[in-house]
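Hi,

Here is the structure I said I would pass on. Have a look at it first, and my notes follow underneath.

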Amino acid sequence: MRAAVRGGFVDDRYAAPLGDLSRAELHFQSGAPRFSLNIAPLGPRAAGRLIAEPSASRLAFAGAAPAGELVSARFDGPRPTIATSGGRVRVQYQRRASSVLTTRTATIALGATLPWTIELKGGITDLTGSLAAVILERLEIAGGANHIDLELPRPSGTATVRISGVVSQARFRRPAGVPVAVRLAGGISRFRVDGGRGDQISGQRRYVGPGFDETPDRYDIEILGGAADVRID
């Protein structure tokens with residue numbers, strides 16, 4: 001009964017009702033021990049950075065939640081603490097010595113009828129899946145990531161994606177014809193967007209794609225902590 005009214009676990013699935021909400025937020029705290037291997041340019045040559053990865057923390061977006069649900073999620077490995085209130089969903093893994101060597105995988109589907117702000121903190125090993133059925137206003141990834149491969153939805157207005165922290169590989173797939181602007185900082189070994197390519201990018205650069213200034217529905221992407229390979233399709 002509580003799960004149906006306020007949200008909670010039923011067997012191995014967490015769900016919360018949509019109710020009459022008009023906006024929603026997902027705050028995901030990985031609790032991951034540091035990880036990642038990336039190569040980013042420092043001056044004319046590439047320099048490597050190695051960060052230990054004793055366990056993996058993975059998040060996969062699984063499209064739209066079932067009708068009438070704000071969020072639907074399943075977890076493999078340690079179960080996080082989850083709280084839902086007023087359209088804000090908080091998923092938090094605890095940093096415990098006992099979970100250092102344990103892989104954590106979360107699969108989350110979000111309600112498709114209201115706009116979302118998504119914040120991921122603490123670093124993530126793999127961020128994959130699809131948000132194509134979701135209304136996305138903002139996606140922020142803080143703490144870095146090893147691998148990102150994410151399908152983005154068609155935006156309504158200017159949707160923002162911001163990554164702070166080191167990234168090894170990042171690929172964002174957007175709907176055809178959606179303009180994009182990209183700001184890069186921290187050093188990028190390889191960057192590909194709209195059929196163009198740049199290598200060994202240092203300092204700060206900004207790419208503004210065709211139609212961005214004239215089109216209200218668009219993506220503004222920032223990658224601020226350095227990366228080995230960034231691709232925006």
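What percentage of the 233 residues in the protein is buried? The answer is 48%. Keep in mind that this is a predicted model, so everything below is computed from the predicted coordinates.

On the overall fold: the protein has 22 strands and one helix. If you take the contacts with a separation of 6 or more, 61% of them are between residues 24 or more positions apart.

Now the pocket, since you will probably ask. The largest one comes out at a volume of about 160 Å³. Which strands supply at least two residues each to its lining? They are β3 (24-29), β8 (81-85), β9 (88-92) and β11 (115-121). The lining itself consists of His27, Phe28, Gln29, Thr81, Ile82, Ala83, Arg90, Val91, Gln92, Glu119 and Lys121. Sorted by class, that gives four nonpolar, four polar and three charged residues.

Phe28, one of the lining residues, also turns up among the aromatics. There are three aromatic pairs in the structure. In one of them, the ring centres of Phe28 and Tyr93 are 6.0 Å apart and the planes stand at 65 degrees, so this pair counts as edge-to-face. The two partners come from distant parts of the chain, 65 residues apart: Phe28 belongs to strand β3, while Tyr93 is in the loop between β9 and β10 (104-110). Are these two buried or exposed? Phe28 and Tyr93 are both buried. Tyr93 has a charged partner as well: the charged end of Arg104 sits over its ring, 5.7 Å from the centre.

Elsewhere, ring pairs join Phe9, Tyr14 and Phe75 into a cluster. Phe9 has a charge over its ring too, with the charged end of Arg79 placed 3.7 Å from the ring centre.

Next, some backbone angles to check. Most residues other than glycine have a negative phi. Two residues here go the other way. Asp194 has a positive phi, near 50 degrees, and is not a glycine. Asp194 is located in the loop between β18 (188-193) and β19 (196-201), and with a relative accessible area of 38% it is partly exposed. Gln200, also not a glycine, has a positive phi of about 50 degrees. Gln200, however, is in strand β19. Its relative accessible area is 35%, so Gln200 counts as partly exposed.

Ile201 is in strand β19 as well. Ile201 is buried, because its relative accessible area is 7% and the cut-off for buried is under 20%. Between the C-alpha atoms of Ile201 and Gly226 there are 9.6 Å, with their positions 25 residues apart along the chain.

Last one: Gly129, which is part of strand β12 (residues 124-130). How far is its C-alpha atom from that of Ala62? The separation is 5.9 Å, although the two are 67 residues apart along the chain. Leaving out residues up to four places away in sequence, Gly129 touches Phe61, Asp149, Leu150, Glu151 and Arg173. Gly129 is partly exposed, at 24% relative accessibility.

That is what I have so far. Over to you.

Cheers

Note on methods: Residues are numbered from 1 along each chain as its sequence is written. This is a predicted model: local features need pLDDT of at least 70, side-chain atom pairs count only at pLDDT 80 or more; totals for chains, interfaces and linings use all residues. Side-chain values use heavy atoms; hydrogens and water are left out. On a 1 Å grid over the protein atoms alone, a cavity is a set of points where a 1.4 Å probe fits but cannot get out, and a pocket is an open set with protein on both sides within 12 Å along at least five of seven lines; lining residues have an atom within 4 Å of a point. Grid points are joined across faces, edges and corners, and a volume is the space filled by probe spheres set on the points. Helices (H or I, at least four residues) and strands (E, at least two) are DSSP runs, numbered from the N terminus. Ala, Val, Leu, Ile, Met, Phe, Trp, Tyr, Cys and Pro count as nonpolar, Asp, Glu, Lys and Arg as charged, and the others, Gly among them, as polar. Buried means under 20% relative accessible area, exposed over 50%, partly exposed in between (1.4 Å probe, protein chains only). Rings of Phe, Tyr and Trp (its six-membered ring) pair if their centres lie within 6.5 Å; planes under 30 degrees apart count as stacked, over 60 as edge-to-face and the rest as tilted. A charge sits over a ring if NZ of Lys or CZ of Arg is within 6 Å of the ring centre and within 35 degrees of the ring normal. Contact means heavy atoms within 4.5 Å.
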